[in-house]
Amino acid sequence: MIEAVVFDVGETLVDETGRYQNWADWFGVPRLTLMATLGAAIATGREWTDAMRLFRPEFDIRRDAELLTAAGYPDGFTEADLYPDVRRALEQLRDRGLWIGIVGNQPARTTPILRAMDLPVDYIATSDEWGLRKPDPEFFHRIAAIAPCARDRLLYVGDRVDNDVVPAKDTGLRAAFVVRGPWAWIQRDSPDAARADWRISALTELPALVDADAA
């Protein structure tokens, strides 16, 4: 049975549409153009930063995030950017006595943002704080070392097959693939997507799945 659930951040808990729209506006390109190049990068196995470098060849995420903020465009996210199913799903999982964590590929400044939202979780960290990034297996070994249960009772929830499902399964964790956001829609029919223990379209599906698994 599942005893702990750890969530990715971008497109799992947080709708990043506004973030990419801000980048497009700052670059001075149509939003659709940036979104299309982002999709092309994902479909060819590249990172989102490769799409950014089409418009700004010297793109550096840390430096340019500061410049974006200085120009009046917020690079972070707010409560309004949480997907509407997040709080309900977290509360229902917590009511079942599960240990809940949030750890994703995010800058360190994401941790205080999430903590300020007072989400019903036990642990929050980021890749920058750990010095580890998905899909590095050590990222998932670190999660397994922190969670208070055996790794086969630990569920990782994410929107990417390459960064979430595959490395979680390869390191002995269980995995739920949430189909939302550009990565999920592009990767959903890949052979490795079938490795997920569960495929869901909303986080509120998780409590019933956990119950059924326990039964």
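**Helix α5 and its setting in the chain**

**View 1. The exposed side of helix α5.** In this predicted model, R88 and D95 are exposed on the side of α5 that lies opposite its buried residues. The helix spans residues 86-95.

**View 2. The buried side of helix α5.** V86, A89, L90 and L93 are the buried residues of this helix. The arc they cover around the axis is only 95°, which puts the four on the same side of α5. An α-helix has 3.6 residues a turn, so residues three or four places apart point the same way.

**View 3. What covers the buried residues of α5.** The cover includes two strands, β1 (4-7) and β2 (99-104). Helix α11 (206-214) is also part of the cover.

**View 4. The residue G97, just after α5.** G97 follows shortly after the end of the helix and takes a positive phi of about 85°.

**View 5. The whole chain, for context.** The protein chain contains 11 helices and six strands. Its radius of gyration is 17 Å, close to the 17 Å given by the globule rule for 215 residues, so the chain is as compact as a globular protein of that length. Along the principal axes, the C-alpha atoms fill a box of roughly 55 × 40 × 30 Å. Buried residues amount to 51% of the 215 residues. Of the contacts with a separation of 6 or more, 58% are between residues 24 or more positions apart.

**View 6. Surface and charge of the chain.** The exposed area is about 9,600 Å², with 51% of it supplied by carbon and sulfur atoms. There are 25 positive and 35 negative side chains, and the centres of these two sets lie 1 Å apart.

Terms used: Residues are numbered from 1 along each chain as its sequence is written. This is a predicted model: local features need pLDDT of at least 70, side-chain atom pairs count only at pLDDT 80 or more; totals for chains, interfaces and linings use all residues. Side-chain values use heavy atoms; hydrogens and water are left out. The radius of gyration is taken over C-alpha atoms; the globule rule is 2.2 Å times the number of residues to the power 0.38. Buried means under 20% relative accessible area, exposed over 50%, partly exposed in between (1.4 Å probe, protein chains only). Contact means heavy atoms within 4.5 Å. Accessible areas come from the Shrake-Rupley method with a 1.4 Å probe; for residues, only the protein chains shown count as cover. Lys and Arg count as positive and Asp and Glu as negative; His and the chain ends are not counted. The place of a charge is taken as NZ of Lys, CZ of Arg, CG of Asp or CD of Glu. The arc is that of the directions from the helix axis to the C-beta atoms.
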